Amino acid sequence: MSKEQQQDPIQDETDANPETDSTETTEHSLLPAEKALPGVVHLLPVAVRPFFPGQAVPLLMHANHWRSTLQAVGRTDHHALGIILVDGPDAESATTEAFAKVGTAGRVHRVQENEGKLQVLIECVQRFRIKRILSHEAPFTAQVEYLPEPTDYPEKEVKAYAMAIINTIKELLPLNPLYQEELRMFLDRFGPDDPSHLSDFAASLTTSNNEQLQGVLETVELLPRMERVLTLLNNELEMARAQHDIRKSVEARMDKQQREFFLKEQLKEIQKELGLSKDDRTAELDRFKERIEKLVLSKEAQKRVDEEMDKMAILETGSPEYALTRNYLDWITTLPWGKHTKDRLDLGYARRALNRDHYGLDDVKSRILEFLAVGIMKKEVSGSIVLFVGPPGVGKTSIGKSIADALDRTFYRFSVGGIRDEAEIKGHRRTYIGAMPGKFIQAMKEAGSANPVIMLDEIDKIGASYHGDPASSLLEVLDPEQNSDFLDHYLDLRFDLSKVLFLCTANQLDTIPGPLLDRMEVIQLSGYIARDKQQIARKYLLPRQIERAGLEKNQVKLDGPTLRAVIDGYARDAGVRRLEKQLGKIVRKSVVKILEGEEPPIEITKEQLKPLLGPPIFRDEQAIKGPGVITGLAWTAMGGATLNIEAVRTHSHSRGFKLTGKLGETMRESAEIAYGYVMSRAQRYGADPEWFEKAFIHLHVPAGATPKDGPSAGITMASALLSLARDEKPARKIAMTGELTLTGQVFPVGGIREKVIAARRAGIRELILPAANEGEYEEVPEHIRKGFTVHFAENYDQVAELLFKLDKKAGKNQPEP
């Protein structure tokens with residue numbers, strides 16, 4: 001196709017007949033409709049607004065959709081085209097059912113194509129009504145009948161309406177200069193004594209909606225049409241007047257503001273010359289006085305403020321002491337002395353807030369609701385310090401936010417992990433350059449009220465150095481009996497923190513000093529099992545990642561088995577933080593696919609996880625079977641875990657005992673106790689006592705790079721040694737935990753909930769636990785305990801009977817060593 005054809009895909013009248021100019025075409029178009037226009041025309045649907053006879057309409061449309069229609073029109077002798085309004089947002093997707101019944105026929109004069117758009121000039125000639133649609137797909141064609149302009153009408157009434165229309169247009173002209181250009185173009189082609197075209201022109205001037213304009217087009221009778229048009233013109237006039245008034249008002253306001261600005265600047269200069277304006281010091285003192293009027297200061301604080309303001313009034317503004325005093329007063333006057341927010345004492349709302357933001361954790365929610373219920377009964381939730389303990393990612397911080405929301409209090413969070421300077425807690429003394437208040441006074445300033453919810457994250461990781469012991473400084477803050485008179489070193493004033501609800505988080509209790517732990521109410525948050533994680537991912541994590549990526553709700557889909565595969569292979573830890581990261585990675589890769597042209601929704605299957613997330617991070621533990629291998633349960637800061645403890649005889653040249661696996665001192669002692677106990681009671685448990693005399697035994701705890709410590713592996717190690725000595729593997733798949741003493745007693749251990757969850761995760765459904773831990777096991781949620789067979793042992797005899805086929809008679813007759 002040549003360049004000229006690309007610019008003009010239609011052979012218009014000028015191309016068909018070079019002697020025919022645009023004037024002759026216009027004269028031809030003004031012939032009677034029944035002689036100049038065909039009975040079958042191509043239709044061009046438009047969605048913007050209907051067009052009227054007498055208009056020269058420039059249209060811009062998509063070339064791909066309408067090139068075929070305009071080419072078909074170009075192949076006709078008459079170049080006629082019917083413009084028809086459609087009921088819908090765009091013409092490209094419209095069907096013939098959405099076409100209006102009445103449209104405007106016209107002639108195509110010029111078509112140009114540029115950058116995928118068609119620029120078309122159409123001269124509208126005559127109204128028509130569709131009789132029958134001949135083609136229901138583009139290019140649309142229809143059999144039409146033309147509606148001639150009326151000639152029989154009451155001249156006096158029509159003339160009166162015409163004058164009213166002309167007068168209204170005259171009123172519009174000063175309000176909008178665009179109307180003047182439109183009127184000039186109309187008068188070039190028609191006269192004011194042509195009432196039909198005058199009515200159509202007046203209707204085209206308005207910004208009325210499509211329904212109103214289509215009503216004018218469908219009204220063929222002149223008098224009713226002029227009535228409609230006059231109504232629309234009056235509405236347009238009112239709107240134009242309102243816009244004009246608004247514009248004038250805005251301009252007047254801007255002029256007034258500019259005038260006020262210049263006057264104020266002049267006034268400042270006059271005051272400066274007369275010595276009437278305030279200097280910076282006076283202005284700052286006035287500002288401090290305004291703040292103090294809104295506060296309820298203690299007597300001590302009021303006295304200190306008065307002294308500091310008197311000092312500030314006589315100091316030179318350039319002196320260092322002035323800056324120190326000013327900063328001190330600024331801190332005092334911005335603290336919320338006596339400002340309290342009203343608590344929302346609604347237990348039902350608190351329950352809904354916790355259930356809305358967190359899935360599961362029913363026992364934790366019950367503890368929190370009990371705590372809030374007591375405060376609601378007292379009409380005041382204060383003087384309490386709550387500690388949430390649990391693995392990372394189980395929702396400790398977010399529960400704090402939910403509590404603040406339930407009480408309608410301000411929430412402020414800061415981390416004390418790694419703090420080594422006592423001044424971070426209690427502030428620096430004002431004698432130091434750059435001195436500042438401590439974290440708690442800063443929190444009160446930011447919160448803006450004297451009863452916020454303050455969360456101290458990572459309180460188990462607080463440090464100590466030669467600068468002091470921050471944990472000891474917290475004793476005053478977190479003691480309800482002392483924090484009503486908290487003394488910050490910078491303020492050197494007593495500030496009441498007794499109304500603050502303190503929430504703390506920790507991963508473990510071992511590193512928290514005893515006196516500090518004694519001041520807090522501990523609430524344990526265990527890890528989530530796979531079923532809980534799956535629900536959390538579906539209800540909270542995946543929708544949040546999809547929203548952050550700017551996608552619609554169902555543009556990325558993961559079914560249940562796929563989510564379970566993500567949890568088992570890539571996020572097996574106790575919390576859900578790693579799971580959310582993996583889901584975020586999947587969503588980001590899905591966004592790339594969508595932007596590269598793949599149609600949503602993107603459905604992720606199990607087979608796609610490896611290309612998306614890489615090889616699985618976690619794999620099912622290989623079952624290690626045989627004599628000398630026993631499964632134990634351990635607790636870590638990340639939750640619970642299973643440990644396969646292995647024992648082998650390396651040689652029989654001499655007696656010996658070797659330990660490996662990066663064991664801590666306590667765990668090494670447990671191994672020594674287990675070795676001594678089993679060797680001393682070998683015959684009691686059906687083993688050959690002579691076997692130990694020449695056996696060099698090697699006991700190993702796998703994952704040798706991971707440090708391990710604690711007494712809870714005592715019975716597991718003893719069972720591994722007994723299994724090796726008897727050359728017999730356990731009769732069932734079972735896991736155990738418990739501290740062993742030299743007399744064979746099984747002592748209680750900690751972390752029962754996390755250990756039970758670890759056993760469920762590993763597919764083990766039979767456990768041996770210390771009898772003293774039975775109460776803790778009963779506190780584990782029912783849905784976690786479901787399916788477990790648990791044996792509670794008071795001594796090692798009960799453990800051995802569960803693991804091995806013992807000769808009870810022989811064991812009973814063997815005396816205690």
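Student: Is Cys124 buried or exposed in this structure?
Tutor: Happy to start there, keeping in mind that this is a predicted model. Buried means under 20% relative accessible area. Cys124 has a relative accessible area of 3%, so this cysteine is buried.

Student: And what is the relative accessible area of Cys504?
Tutor: Cys504 falls under the 20% cut-off as well. This cysteine is therefore buried, with a relative accessible area of 0%.

Student: How many disulfides does the structure hold?
Tutor: A disulfide needs a pair of cysteine sulfur atoms within 2.5 Å. With that cut-off, the number of disulfides in the structure is zero.

Student: Let's turn to charges. How many salt bridges does the structure hold?
Tutor: Good topic! Side chains of opposite charge can pair when their charged atoms come close. The cut-off for such a pair is a nitrogen to oxygen distance within 4 Å. By that count, the salt bridges number 33.

Student: Which helix holds both Arg241 and Glu238?
Tutor: These two side chains meet in a salt bridge, with N to O at 3.5 Å. Arg241 is partly exposed, with a relative accessible area of 33%. The two residues are three apart, about one turn of the helix, and both lie in helix H10.

Student: Which residue forms a salt bridge with Glu308?
Tutor: Look in helix H12, residues 299–314, where the partner sits three residues from Glu308, so about one helical turn separates them. The closest N and O atoms of the pair are 3.5 Å apart, and the partner is Lys311.

Student: In that pair, is Glu308 buried or exposed?
Tutor: The two ends of this bridge are worth taking in turn. Lys311 has a relative accessible area of 28%, so the lysine is partly exposed. Glu308, at 5% relative accessibility, counts as buried.

Student: What is the N to O distance between Glu458 and Lys461?
Tutor: Begin with how accessible the two residues are. Glu458 counts as partly exposed because its relative accessibility is 28%, and Lys461 counts as partly exposed at 40%. Their side chains meet in a salt bridge with an N to O distance of 2.9 Å.

Student: Which residues are linked in a network of salt bridges?
Tutor: Here the bridges join up into a network. Its members are Arg127, Glu149, Asp200 and Arg225.

Student: What about the surface: which residues form the negative patch with Glu669?
Tutor: Patch residues need over 30% relative accessible area and no salt bridge. Glu669, in helix H25 (residues 665–680), is partly exposed because its relative accessibility is 45%. Its partners in the negative surface patch are Glu665, Glu672 and Asp709.

Student: Where does Arg765 lie?
Tutor: Arg765 helps form a positive surface patch together with Lys625, Lys729 and Lys733. Its relative accessible area is 32%, so the arginine is partly exposed. Its place is the loop between helix H28 (752–761) and strand S23 (766–770).

Student: Last one: what is the area of the nonpolar surface patch made by Ile246, Val250 and Met254?
Tutor: One of its members, Ile246, is found in helix H10. At 54% relative accessibility, this isoleucine is over the 50% cut-off and so counts as exposed. Together with Val250 and Met254, Ile246 makes a nonpolar patch of about 270 Å².

Conventions: Residues numbered from 1 in each chain as written. Predicted model: local features only at pLDDT ≥ 70, side-chain atom pairs only at ≥ 80, totals over all residues. Heavy atoms only, no water. Patch = residues over 30% accessible without salt bridge, like charges linked within 9 Å, V, L, I, M, F, W, Y side chains within 5 Å. Areas by Shrake-Rupley, 256 points an atom, 1.4 Å probe, with all protein chains shown as cover. Lys, Arg positive; Asp, Glu negative; His and termini not counted. Charge placed at Lys NZ, Arg CZ, Asp CG, Glu CD. Helix = DSSP H or I, 4+ residues; strand = E, 2+ residues; numbered from the N terminus. Buried < 20%, exposed > 50% of the residue type's maximum accessible area, 1.4 Å probe, protein only.
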